[in-house]
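User: I'd like a close look at one part of this model: the enclosed space inside the chain. Walk me through it, and then tell me what else around the chain is worth a glance.

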Amino acid sequence: MRHSNYEEWLKSSANRTKSETNWLLDPMRRKKFDHRIIESRLSELKSIRKDARADKLLFYFDEGLHGNMANMGSAEVYESGSSSARKLISDYVNELAAGLDQIYEFSEKKLALATKKSFFERASRAHGRSALMLSGAGSLAPFHLGVCIALRSQGLLPKVISGSSAGAIIAGIMCSYNNEHLDEILESESLLEIFDLVHREYVDRENRLDGEDIRSIVETWIPDITFEEAFQRTGRYLCVSVSPSEMHQQSRTLNSITTPNVLLRETIQASCAVPGLINPVKLAARGLDGSREPYVRSRSWVDGSVTDDLPASRLRRIFGCNFFITSQTNPLILWSLHEQKIEGPLKDMATFWQGASKEWVKAVYPYAQSMVQNIYPMNMLTRMWFSVFTQDYTADVNILPTQRFVNPMAMLEKIKPEHAMELVLDGEEHTWPHIERIKNSTTVGFKLDEILDQLEKTLLPVRKKDRGADDKADLRSISSGERVNG
């Protein structure tokens, strides 16, 4: 059964949770979540907020501010169906957000602006932020779009969004249009029109996408801007994974921090260039005079999912992310993933064999690579399959499509607009069950980002005023002959 929005899904799921065992009466589930710690912390915070003392509030938050206290962020808490545990967590998270707001509202007399800013910067670094990672997808890419639409409808779309292969196209859409423009694009009729437009571009060619089709799709959806320009438009950080087409080179995750002047279109085309099926792509950047120039002229790049489908480690290092949501549709590994709610020996056995297989591949790879290191294309294929087998393809929250078994040879299949819309709706439907957990795990992070943005706006006029005063002082000293050149 499909639900048109989250509220419909909530009503439908309410009937299923009534018959579930109460969390507090189930000792096995209680081991996964210590409700007593949260109850104690919540009671203490309410008391401190009532006193309205800045020093006590700062001390409370300095004691610990993270999204998994007492294991409250674990998937089992939400998949058990226990409304009492989930409500306790929600109450605690909302109280934390209210406490942060209270600190922000303190007057300069109660809490100096510099102290306030220092606290929030420290708290933001300690707590971390969320990220959405869109995997390689092939023809399942519209599923990612449905996930983004669902998260955005609840105000839960992270500021950091990564994409590899076809996922890079969807990440590019979400990070290169402002909210007003996104509202127009993501409306159902507009989406169907764009899907139909893209389909008409290649309907008369063969049934498999080629490099020219990818270029047409990217140019239809993605504006011709740089990573930095995309961030300035939206305030969201777009991150795109690409893999090198040569041996002995490293993969990259391009974004507005590390590669601000690189252009989106060539980067996304490169991330979609499946080795052996689509030619490698050279990247381009905006030159000093605004013209299009080659970026790392000597290198070409291919499908980002080959080496870094979900670049969590890089997002953690560059953006301080520590809560990851993934929309996972990679046809090569989708069949091997299991739902988080599956518990018991079957899950443990699957996890064990997956881990053992990965370690075996790591052990064998150096010997296999040494045998073919001078034989092209066997050396490239060996490295590619090593990367595919040893990556991590899951995150804290894993959103998986209904269609779990996909023929990898059909991953570049051209799909009709109606089927694309079905995948969008499937993405929305499979996101709804995760909304409550995502909300509770990201509320504090979003609140810290919001407050830091407000503080930055408050301090900006002060900085401009200070700079203006310095400029006037400089002018006075120059006119009086007090300053000398050099």
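Analyst: Let's start with the count: there is one cavity of 30 Å³ or more. Bear in mind that this is a predicted model. The space in that largest cavity comes to about 50 Å³.

Who lines it? The residues around the largest cavity are His66, Gly67, Met72, Val93, Leu96, His127, Asn440, Ser441, Thr442, Thr443 and Val444. Two elements each give two or more residues to this lining, namely helix 6 (83-105) and helix 20 (435-479). Helix 20 makes the largest contribution, with five residues. As for chemistry, the lining has seven polar and four nonpolar residues, and no charged ones.

How far can you trust the picture? Mean pLDDT for the chain is 84, with 81% of residues at 70 or more. The weak stretch to know about is residues 469-486, where pLDDT falls below 50 and the model shows four contacts beyond near neighbours in sequence. Where pLDDT is low, predicted coordinates shouldn't be read in detail.

Now for the rest of the chain, beginning with helix 12. This helix spans residues 211-221, and its buried residues are Asp213, Ile214, Ser216, Ile217, Val218 and Trp221. At the start of helix 12, aspartate 210 has a side-chain oxygen that comes within 3.1 Å of the backbone nitrogen of glutamate 212.

Follow the chain onward and you get to isoleucine 222, which sits in the loop between helix 12 and helix 13 (227-234). Loop or not, isoleucine 222 has a relative accessible area of 1%, so it counts as buried. What does isoleucine 222 touch, leaving aside residues up to four places away in sequence? The contacts are Ile169, Gly172, Ile173, Tyr177, Leu264, Arg265 and Ile268. Take leucine 264 from that set: it is 42 residues from isoleucine 222 in sequence, and the C-alpha to C-alpha distance between them is 7.5 Å.

One last stop is leucine 10, in helix 1 (residues 6-17). Leucine 10 has a relative accessible area of 38%, so it is classed as partly exposed. Leucine 10 also pairs up across the sequence: tryptophan 432 is 422 residues away along the chain, yet the two are 8.3 Å apart in space, C-alpha to C-alpha.

Terms used:
Residues are numbered from 1 along each chain as its sequence is written. This is a predicted model: local features need pLDDT of at least 70, side-chain atom pairs count only at pLDDT 80 or more; totals for chains, interfaces and linings use all residues. Side-chain values use heavy atoms; hydrogens and water are left out. pLDDT is the predictor's confidence in each residue, from 0 to 100. Contact means heavy atoms within 4.5 Å. Helices (H or I, at least four residues) and strands (E, at least two) are DSSP runs, numbered from the N terminus. Buried means under 20% relative accessible area, exposed over 50%, partly exposed in between (1.4 Å probe, protein chains only). On a 1 Å grid over the protein atoms alone, a cavity is a set of points where a 1.4 Å probe fits but cannot get out, and a pocket is an open set with protein on both sides within 12 Å along at least five of seven lines; lining residues have an atom within 4 Å of a point. Grid points are joined across faces, edges and corners, and a volume is the space filled by probe spheres set on the points. Ala, Val, Leu, Ile, Met, Phe, Trp, Tyr, Cys and Pro count as nonpolar, Asp, Glu, Lys and Arg as charged, and the others, Gly among them, as polar. A polar contact is a pair of N or O atoms within 3.5 Å; within protein, one must be able to donate a hydrogen and the other to accept it, and residues adjacent in sequence count only if both atoms are side-chain atoms.
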